[in-house]
Amino acid sequence: MKIVGNKLLVFQQRDNNIMCELFGFSSQKKQNITGYLKEFYSHSVDHPHGWGLVTFDGSAASIEKEPVQASKSLQLQARLSDSVEAAAAFGHIRYATIGQVDYDNCHPYTKKDVTGRRWTLVHNGTIFSYPPLDAFTAVQRGSTDSERILLYLVSLINQAEQEAAQPLCAEQRFQIINDAVVKLAPENKLNLLLFDGEQMYVHTNYKNSLYRLEKEDSTMFATVPLSEEDWKPVPFTQLLAYREGNQVFAGTKHGAEYVDREENLRYLYQIFSDL
């Protein structure tokens with residue numbers, strides 16, 4: 001790759017090593033995940049543009065987030081001083097590329113579909129080109145491509161549910177999200193965790209950027225391993241779904257690996273320089 005200019009070279013090095021980080025947890029029962037969260041949020045020195053935490057209780061989602069560095073947040077410090085127990089949870093620390101550093105651009109994002117089912121998403125990556133997302137620019141609250149992904153996915157679910165005139169089953173929902181991911185992934189960096197109140201969807205197409213820790217009654221996901229335990233890479237370029245800690249569906253092996261290209265790095269550098 002030919003890189004012109006020291007600033008772009010520095011940005012390339014940062015982009016290869018510093019992205020948003022994701023945390024996910026799916027379990028059969030509530031467990032104390034405070035220690036893992038403390039390790040996760042300690043990485044915010046390199047991801048200073050905001051933090052988010054959501055714990056799920058069925059269809060209910062308790063969301064906390066701030067557009068400040070997690071390690072400097074008094075709110076998060078107070079939250080982690082007590083036990084965080086959940087059967088399902090997401091965490092996010094942001095390294096901004098698209099979207100200013102403000103509350104509306106902090107993850108997670110959440111939205112209900114037409115049946116009242118709540119969908120919640122955290123994303124690590126960049127959508128460089130996917131025209132169907134453009135329609136949501138005018139209705140989103142913030143300005144990130146991540147929020148547009150969620151709005152787009154929920155719109156697909158809404159369309160299918162309206163056509164069926166009834167709520168979709170778990171397998172039907174998975175197939176819709178799988179088909180969307182297969183179309184979204186080519187030429188785009190698409191690491192995401194998505195929860196619909198029943199099952200957790202997991203996808204990565206960027207090498208060595210999402211790992212899982214499988215235990216007897218739970219599975220945990222993180223951008224980098226959070227302990228000395230037996231973390232392994234999440235299967236690559238394939239959507240997975242988990243329910244109560246167990247994998248229940250595996251989608252299309254689409255093979256659309258994201259690889260950094262000079263034109264994409266230049267695009268990101270231009271956006272980042274304007275933040």
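1. Strand 8 and strand 12 (residues 240–243) run antiparallel and are joined by three bridges. Within strand 12, Y242 is the bridge partner of M200. Two terms help here: helices (H or I, at least four residues) and strands (E, at least two) are DSSP runs, numbered from the N terminus, and two strands pair if DSSP finds at least two bridges between them. Please keep in mind that this is a predicted model, in which local features need pLDDT of at least 70 and side-chain atom pairs count only at pLDDT 80 or more, while totals for chains, interfaces and linings use all residues. Residues are numbered from 1 along each chain as its sequence is written, and side-chain values use heavy atoms, with hydrogens and water left out.

2. A word on confidence: pLDDT is the predictor's confidence in each residue, from 0 to 100. The protein has a mean pLDDT of 89, and 87% of its residues reach 70 or more. In residues 1–17 the pLDDT is below 50, and this stretch has 29 contacts in the model beyond near neighbours in sequence; contact means heavy atoms within 4.5 Å.

3. Now to the sheet. It is open, with six strands in the order 5-6-7-8-12-13 and antiparallel pairing. Strand 5 (109–112) and strand 13 (246–250) are at the edges with a single partner strand each, so one side of each is left without a neighbour in the sheet. On average, neighbouring strands of this sheet are turned by 25° against each other, direction ignored. Such angles are taken between axes, which are lines fitted to C-alpha atoms (for helices over the stretch in contact), and run from 0 to 180 degrees between N-to-C directions.

4. What do the pairings look like further along? Strand 5 pairs with strand 6 (residues 118–126) in the antiparallel sense over four bridges, and T110 has T120 in strand 6 as its bridge partner. Strand 7 and strand 8 also run antiparallel, joined by four bridges, with H203 in strand 8 as the bridge partner of L192. Their hairpin has four residues between the strands, and G197 in this hairpin takes a positive phi near 90°.

5. Which residues of strand 8 (residues 200–203) are buried on its two faces? M200 and V202 are buried on one side, and Y201 and H203 on the other, so to speak covering both faces. Buried means under 20% relative accessible area, exposed over 50%, and partly exposed in between (1.4 Å probe, protein chains only).

6. Helix 4 (residues 145–164) lies across strand 5, strand 6 and strand 7 (189–195), at about 135° to strand 6. Of its 20 residues, 14 are buried, so helix 4 is largely enclosed by the rest of the structure. After helix 4 comes A165, with a positive phi near 60°.

7. Finally, the aromatic rings: a search of the whole structure finds 13 aromatic pairs. Rings of Phe, Tyr and Trp (its six-membered ring) pair if their centres lie within 6.5 Å; planes under 30 degrees apart count as stacked, over 60 as edge-to-face and the rest as tilted. The ring centres of F56 and F90 are 5.4 Å apart with planes at 85°, so this pair is edge-to-face. Both F56 and F90 are buried. For W119 and Y201 the centres are 5.8 Å apart and the planes at 25°, so the pair is stacked. W119 lies in strand 6 and Y201 in strand 8, so the pair ties together parts 82 residues apart in sequence.
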